[in-house]
Amino acid sequence: MTKDIPATAHRSERVLAFMIAGIVGLSIVTIFVVLIGTGAGLSRIAPASLWQALTLFPFVGLSVGFLMIITLLVVSARRRSRETQAATARSTRIAPTTRKNRTTRTTRTTRK
């Protein structure tokens, strides 16, 4: 069976990843629209403000996407670090009691 993971465990990372995909994907589509539209001569027919906005969007979108990728890496690294620290803390809490029980057992066997 698969391990059930709560839906809220990595929701922020998942949302951030989909936002990155949406912004970068829309920027790439916009680049192709500008290239095809300019090649087809639509830049002479359509208003200039539309083409300026379409030309600027990839610059802004790809920059924001890059910053969001860095943010996703930081968030993911912090989560993994916390998980590792929690696992280490759990294993060190268990180990001293195990050692104590082992020394007690060896002491009893040597006295016999």
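The backbone oxygen of Ile23 lies 2.9 Å from a polar atom of the Ser27 side chain, a polar contact being a pair of N or O atoms within 3.5 Å in which, within protein, one can donate a hydrogen and the other accept it, and residues adjacent in sequence count only if both atoms are side-chain atoms. This is a predicted model, in which local features need pLDDT of at least 70 and side-chain atom pairs pLDDT 80 or more, while totals for chains, interfaces and linings use all residues. Residues are numbered from 1 along each chain as its sequence is written, and side-chain values use heavy atoms, without hydrogens and water.

Beyond its neighbours within four places in sequence, Ser27 is in contact (heavy atoms within 4.5 Å) with Phe57, Pro58, Gly61 and Leu62. Two residues of helix 1 are set out below, where buried means under 20% relative accessible area, exposed over 50% and partly exposed in between, with a 1.4 Å probe and protein chains only.

| Residue | Relative accessible area | Class |
|---|---|---|
| Ser27 | 0% | buried |
| Ile36 | 61% | exposed |

Ile36 also belongs to a nonpolar surface patch of about 570 Å², together with Ile28, Ile31, Phe32, Leu35 and Leu62; such patches join nonpolar side chains (Val, Leu, Ile, Met, Phe, Trp, Tyr) within 5 Å, and like charges within 9 Å, among residues with over 30% relative accessible area and no salt bridge, that is, no side-chain nitrogen of Lys or Arg within 4 Å of a carboxyl oxygen of Asp or Glu. Helix 1 (residues 11-40) supplies the largest share of the patch, 5 residues, helices being DSSP runs of H or I with at least four residues and strands runs of E with at least two, numbered from the N terminus.

Definitions and conventions
Accessible areas come from the Shrake-Rupley method with a 1.4 Å probe; for residues, only the protein chains shown count as cover.
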